[in-house]
Amino acid sequence: MADKPVTVKRERVGQVIGRLTVEEIVKLDTALAFVMGLAD
C-alpha cells in the first residue's frame, strides 16, 4: 500500500513486473513525500 511504505530486504523482492517512466517516478515521489509528511 502506497500510504504505508516499509523497507524490504533485497532478497525478498521478486521479479520485475513493469517499469515507470521518469514522469511517473516524479509523481510517485511527490505522493510519497506528501503521505510521509515531507511535503505540503
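User: In which element does F34 lie, and is F34 buried or exposed?

Analyst: In this predicted model, F34 lies in helix 1. Its relative accessible area is 54%, and a residue counts as exposed over 50%; F34 is therefore exposed.

User: Which residues form a nonpolar patch on the surface together with F34?

Analyst: F34 is joined by V35, M36 and L38 in a nonpolar patch on the surface. Together these residues have about 450 Å² of accessible area.

User: How should one read helix 1 itself, and what span does helix 1 reach?

Analyst: The general idea is to set the span of a helix beside the value expected at 1.5 Å a residue. Helix 1 has 14 residues and reaches 20 Å from its first C-alpha to its last, close to the expected 20 Å. Helix 1 covers residues 22–35, and the secondary structure of the protein comes to one helix and zero strands.

User: Which residue follows helix 1, and what is the sign of its phi?

Analyst: G37 follows helix 1, and the phi of G37 is positive, near 80°.

User: How many salt bridges are counted, and which residue forms a salt bridge with K27?

Analyst: Side chains of opposite charge can pair when their charged atoms come close. The count here comes to one salt bridge. K27 forms a salt bridge with E23, with the closest N and O atoms 3.9 Å apart; the cut-off applied is within 4 Å.

User: Where do K27 and E23 stand along helix 1, and are they buried or exposed?

Analyst: K27 and E23 are separated by about one helical turn because they are four residues apart in helix 1. K27 is exposed, with a relative accessible area of 56%. E23 likewise counts as exposed, at 56% relative accessibility.

User: How many charged side chains does the protein have, and how far apart do the centres of the two sets lie?

Analyst: The protein has 6 positive and 6 negative side chains. The centres of these two sets lie 10 Å apart.

User: What are the overall dimensions and the accessible surface of the protein?

Analyst: Along the principal axes, the C-alpha atoms fill a box of roughly 35 × 20 × 15 Å. The accessible surface comes to about 4300 Å², and 59% of that surface belongs to carbon and sulfur atoms.

User: What percentage of the residues count as buried?

Analyst: Of the 40 residues of the protein, 2% count as buried. The cut-off for that class is under 20% relative accessible area.

Terms used. Residues numbered from 1 in each chain as written. Predicted model: local features only at pLDDT ≥ 70, side-chain atom pairs only at ≥ 80, totals over all residues. Heavy atoms only, no water. Salt bridge = Lys/Arg side-chain N within 4 Å of Asp/Glu carboxyl O. Helix = DSSP H or I, 4+ residues; strand = E, 2+ residues; numbered from the N terminus. Buried < 20%, exposed > 50% of the residue type's maximum accessible area, 1.4 Å probe, protein only. Patch = residues over 30% accessible without salt bridge, like charges linked within 9 Å, V, L, I, M, F, W, Y side chains within 5 Å. Areas by Shrake-Rupley, 256 points an atom, 1.4 Å probe, with all protein chains shown as cover. Lys, Arg positive; Asp, Glu negative; His and termini not counted. Charge placed at Lys NZ, Arg CZ, Asp CG, Glu CD. Expected span 1.5 Å × (residues − 1).
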